[in-house]
Each structure stands twice: as structure tokens, then as C-alpha cells.
Amino acid sequence: MNASEAPALTDAELKLLQALIYQECGMHFDERRTSFLQDRLLRRLKECGLDSFYGYYRLLISQQGKQELAQLLENLTVNETSFFRNKAQLDLFQSDVLEDLLQRKQERRDYSLRIWSAGCSTGQEPYTLAMLVADGLAYYYLRNPLPCPSVLPKPLVPQPWRLEILASDISYSVLRTAQEGSYGEHQMSAVDYGFRLRYFDKVGARYVIKKSVKELVHFDFHNLKTEYLPQRNDVIFCRNVMMYFDEAEQKRLVEKFYRCLNPHGYLFVGHAESLLGLTSKFQMVHRNAGTAYQRVEVTV
Ligand SMILES: C[S@@+](CC[C@H](N)C(=O)[O-])C[C@H]1O[C@@H](n2cnc3c(N)ncnc32)[C@H](O)[C@@H]1O
């Protein structure tokens with residue numbers, strides 16, 4: 001099939017496909033993003049050797065079409081990300097949120113920290129969080145004595161703390177790249193030399209996340225549209241994901257995040273996103289230019 005033979009996408013076919021995509025992953029394609037959607041649909045249709053969008057739709061909803069559906073969703077995601085994205089927000093995380101969590105948990109002798117990067121793309125966000133928490137813990141124990149004798153060589157996470165960073169995405173290909181943890185110079189512009197030296201190995205021209213950092217991050221597939229999402233998190237980062245959902249889906253997701261957080265837990269959303277008008281179950285925490293949302297606890 002050459003370009004001139006490309007089948008036309010009728011309004012009815014477009015609506016069917018939009019509804020299916022929305023139902024499967026929550027992504028909403030308004031008029032501004034319709035041409036992107038059309039382009040990706042056409043590519044997949046050609047790849048499958050089909051000659052009508054209705055035929056492609058029938059494939060997607062069939063039992064044999066499950067793999068193609070996953071492939072289509074991968075092709076529709078926007079995976080833009082970077083290390084240390086939104087510095088003001090990360091400063092708020094490290095200096096206020098982490099400090100609050102460490103203090104409250106230490107009082108209860110609960111030494112576990114669980115952070116979830118939901119929609120982690122190629123891994124820069126969860127690895128940034130691992131580096132910030134490792135530094136934050138070290139700094140915390142410069143000021144507060146450790147409850148256990150320190151061991152040498154010093155581990156990244158001092159005993160008795162356990163840090164678990166779960167990083168999830170709907171795209172298997174970005175998860176594979178994230179797991180490799182290998183980045184080119186052009187992806188490292190926001191990583192200063194202190195971080196490069198401590199947390200990366202230089203392999204040829206590439207920067208590879210050190211094993212000790214990788215061990216803190218666990219990558220997994222999770223579709224945020226589903227009900228069964230990782231529970232008992234102290235902090236959730238879900239940045240630049242909700243912006244592709246419509247308001248109804250955003251409300252459902254924020255409700256799920258509320259349930260996925262421990263009491264007083266924190267949610268971070270992207271710079272262009274907000275919980276305003278979506279929920280009254282979170283209160284905004286704002287410092288300098290950084291914003292987070294803390295779970296509000298209902299007292300009975
Ligand atoms: C723009 S990237 C954001 C990456 C990172 N959070 C950041 O802010 O730099 C959005 C990511 O969300 C993922 N995503 C989109 N819809 C999703 C869904 N329903 N479930 C899980 N991940 C999803 C995409 O695959 C993509 O990797």
C-alpha cells in the first residue's frame with residue numbers, strides 16, 4: 001500500500017478507536033491531538049497489513065489482537081522525561097517531604113520508605129528519586145544519630161532503613177530502557193558532576209547507573225487505568241501523565257492514588273497539572289516554586 005492508497009479514517013471509526021483507547025488506558029485524544037492519533041493508527045494498520053480502520057478495530061478487540069493493542073498503546077504514549085525534572089519540586093521533596101517522613105517514621109520505629117514513580121518512562125525520574133533519597137538520608141544522619149552502629153563500607157541506605165522505589169509504566173519498551181539505566185551525554189545535562197561521580201559509572205561514552213542505585217529501584221508494568229495498583233506508598237510521583245487523561249479519568253486516578261498512599265502520604269503531579277477541582281482529599285503543600293499534595297486524614 002503506498003501513501004495515496006492509505007484508507008480514509010471515517011468519523012465513526014475514529015470514535016470507535018478513541019473509545020477503545022480511552023477504555024484501555026485512559027488516554028484521551030481531543031481535537032488538538034487527533035492528527036497524532038491518526039498518524040499512529042495508520043502506521044499500525046500498515047504494519048498489520050490491513051486495509052481498513054474498521055478491520056483494525058476488529059483486530060484490536062479480538063482475542064488474537066491483545067498483543068497488537070499493547071503495541072498500539074505503546075505507540076500512543078509520550079515518553080519525554082529527564083533527570084532532575086522540575087528542580088523546585090524536587091527540592092520540596094528532599095528538604096520538606098522526606099524530612100517529614102523520616103521524622104514521623106523514626107518516631108514510630110518504622111524504617112521503611114516506599115516511593116512509587118507512576119509513569120516512569122525511561123527511568124530518569126525514579127533514578128533521580130533514588131539519588132535524592134540516598135543523599136537525604138545521609139544528610140539526615142549527619143544531624144541525627146543513627147539508631148544502629150554504622151557499617152563500612154557505608155551502604156547507600158543506612159541501616160535500619162529500607163528504601164523501595166517502584167517504577168511503573170504502560171510501555172514495555174521504555175521499561176526495558178529504564179532497566180538498562182544507560183544514558184548518553186545529551187540526557188545528562190541536568191546531572192551535575194557530584195551526582196555523576198557518585199551514582200554513575202562511565203562506560204565508553206555512556207553514563208550507566210551504578211548497581212547500588214539500580215538495586216533500590218524495581219521496574220514493573222502497571223496500567224493506571226486498572227483498579228489493582230501498588231498499595232502502601234509513602235510518596236507517589238505521577239508527573240506529566242494525567243495531562244493526557246480527561247477530567248473524569250483524572251478524578252478516578254486521584255481517588256485511586258488516595259487509596260494507594262499511606263496516611264499523610266504525598267502525591268506529586270507535573271508542573272502543568274493540578275488537583276484543583278479534582279478532589280478535596282488532598283491539601284496543597286507549596287514552597288518556593290515547588291508544589292506537592294498531602295493526603296488529608298478524616299478524623300471521626
Ligand atoms: C511524559 S512521560 C512522563 C515521565 C516522567 N513521569 C516525567 O515526568 O518525566 C509519561 C509516561 O506515562 C506513561 N503512561 C501513559 N499512560 C499510562 C497509563 N495508563 N498507565 C501507566 N503509564 C502510562 C507513558 O508510557 C509515559 O512513559
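**A tour of strands and cysteines**

Start by selecting D201, which stands opposite V208 of β5. What you have open is a predicted model, where local features need pLDDT of at least 70 and side-chain atom pairs count only at pLDDT 80 or more, while totals for chains, interfaces and linings use all residues. Residues are numbered from 1 along each chain as its sequence is written, and side-chain values use heavy atoms, with hydrogens and water left out.

Next, select residues 200-203, strand β4, which pairs with β5 in the antiparallel sense over four bridges. Strands here are DSSP runs of E, at least two residues long, numbered from the N terminus; two of them pair if DSSP finds at least two bridges between them.

Now click on G204: in the hairpin of β4 and β5, with two residues between the strands, G204 takes a positive phi near 60°.

Then add residues 182-183 (β3) and 206-209 (β5) to your selection; these strands run antiparallel and are joined by two bridges. Within this pairing, look at Y183, which stands opposite Y207 in β5.

On to the cysteines. How many disulfides does a search of the whole structure find? Zero, where a disulfide is a pair of cysteine sulfur atoms within 2.5 Å.

Select C48 and C25: the C48 sulfur has its closest cysteine sulfur in C25, 17 Å away, so it is too far for a bond. C238 is in no disulfide either, and the nearest cysteine sulfur, in C260, is 11 Å away.

Finally, is C238 buried or exposed? C238 is buried, at 0% relative accessible area, whereas C48 is partly exposed at 28% (buried means under 20%, exposed over 50%, partly exposed in between, with a 1.4 Å probe and protein chains only).
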